[in-house]
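Let us read the cysteines of a chain together. The learner asks, and the teacher answers.

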Amino acid sequence: MKKASVVLGSLTLLAAAISTAHAGQSIDTLLAVDNVQQDIHFMDGKGNLVRGKRCNVQDPSIEEQARVQAEIDKRLLDPSFLIAAKAANVVNISWHIVTYNGQGNVTDAQIASQLQVLNNAYASTGFSFATASIERVENRTYFNQCYGAGEKKMKQALADSPATTLNIYTCNPSQGILGYATFPSSYAESSYMHGVVLLHSSLPGGSAAPYNLGDTATHEVGHYLGLYHTFQGGCANPGDSVADTAPESSAAYGCPTGRDSCAGGGLDPITNFMDYTDDACMNTFSADQTVRMQQQVATYKPNL
């Protein structure tokens with residue numbers, strides 16, 4: 001791979017892509033979203049190379065991790081909680097397909113394919129997914145500012161029963177963000193801020209290769225159900241708060257088989273859905289990640 005030459009050769013295309021993405025946005029809006037640290041490249045619908053970010057979930061602080069773990073530990077003393085946490089959970093999804101000027105037209109077939117990707121990925125976790133509703137909304141602000149100035153307005157206007165339903169929004173997040181999500185502990189259970197936001201072209205059949213097989217949604221739903229990145233905290237404890245994912249010093253990209261970035265911890269979990277590797281490389285949730293998702297939902301989203 002000639003990664004350096006690809007990056008240099010894409011600078012002109014990148015400038016054009018950023019200019020197009022920000023068309024019509026105010027200076028204040030640009031300043032609010034331009035601090036995104038881009039870390040990947042993918043293809044847009046016109047065959048151009050775009051610079052972006054794999055996931056823009058904000059990693060929790062050590063203090064936040066400790067608070068969440070303490071709340072879970074307290075609940076674990078209740079036998080009824082253990083029963084509730086292990087119960088099978090069918091998650092109903094309300095899809096919000098946001099479009100503008102002919103862009104972002106995710107088809108029903110793509111939604112069905114994405115649903116299948118989610119069900120395949122979570123098959124061993126006790127979670128399954130079903131489509132409850134699909135709405136299509138033409139809105140310039142929601143489409144181009146679904147990360148940043150328009151996120152709150154979009155969610156407040158469109159969210160469907162956040163306590164009982166997973167709201168997934170497809171749009172065009174600024175700065176090439178593929179997706180982001182909320183943790184179950186981030187807001188009250190009924191808050192309209194809960195949900196997952198996806199770049200429309202990251203769904204199966206979209207143009208955002210190599211991130212167009214649907215596992216951006218798998219990754220972001222993992223956050224929504226309470227998982228951190230596998231590289232959370234680097235090589236230091238408590239890492240991602242999951243015992244059976246090897247520590248990882250930083251995100252992995254592509255599919256670097258045999259990568260071992262933390263001495264003595266075992267090979268990096270590059271095939272885990274909560275790393276940053278290509279969609280084709282991701283295929284695994286660990287047993288303890290499954291337990292964590294079940295406990296997080298039972299604690300923070302019992303009505304889901």
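Q: What counts as a disulfide here?
A: A disulfide is a pair of cysteine sulfur atoms within 2.5 Å. This is a predicted model. One pair that meets the cut-off is Cys-235 and Cys-262, with S to S 2.0 Å. At -90 degrees about the S-S bond, this link is left-handed.

Q: Where do Cys-235 and Cys-262 sit in the chain?
A: Both are in the loop between helix H9 (215–224) and helix H10 (287–300). They are 27 residues apart, and their bond links distant parts of the chain.

Q: Is Cys-235 buried, exposed or partly exposed?
A: Read the relative accessible area: under 20% is buried, over 50% is exposed, and partly exposed lies in between. Cys-235 has 44%, so Cys-235 is partly exposed. Its partner Cys-262 has 3%, so Cys-262 counts as buried.

Q: How many disulfides does the structure hold?
A: The structure holds 3 disulfides. Another of them joins Cys-146 to Cys-171, with S to S 2.1 Å.

Q: Which parts of the chain does the pair of Cys-146 and Cys-171 link?
A: Cys-146 lies in the loop between helix H7 (140–144) and helix H8 (151–158). Cys-171 lies in strand S5 (residues 166–171). The two are 25 residues apart, and the pair links distant parts of the chain.

Q: Is the link of Cys-146 and Cys-171 left-handed or right-handed?
A: Look at the angle about the S-S bond. Here it is 100 degrees, and the link of Cys-146 and Cys-171 is right-handed. Both Cys-146 and Cys-171 are buried.

Q: Which cysteine does Cys-255 bond to?
A: Cys-255 is joined to Cys-281, with S to S 2.1 Å. Both lie in the loop between H9 and H10, so the bond ties together parts that are 26 residues apart in sequence. With 65 degrees about the S-S bond, the link of Cys-255 and Cys-281 is right-handed.

Q: Are Cys-255 and Cys-281 buried or partly exposed?
A: Take each side in turn. Cys-255 has a relative accessible area of 42%, so Cys-255 is partly exposed. Cys-281 has 4%, so Cys-281 is buried.

Q: What is the pairing when the bonded cysteines are numbered in sequence order?
A: Number the bonded cysteines along the chain, then write each bond as a pair of numbers. In this chain the pairing is 1-2, 3-5, 4-6.

Q: Does Cys-55 count as buried or exposed?
A: Apply the accessibility cut-off again. Cys-55 has 0% relative accessibility, so Cys-55 counts as buried.

Note on methods:
Residues are numbered from 1 along each chain as its sequence is written. This is a predicted model: local features need pLDDT of at least 70, side-chain atom pairs count only at pLDDT 80 or more; totals for chains, interfaces and linings use all residues. Side-chain values use heavy atoms; hydrogens and water are left out. Helices (H or I, at least four residues) and strands (E, at least two) are DSSP runs, numbered from the N terminus. Buried means under 20% relative accessible area, exposed over 50%, partly exposed in between (1.4 Å probe, protein chains only).
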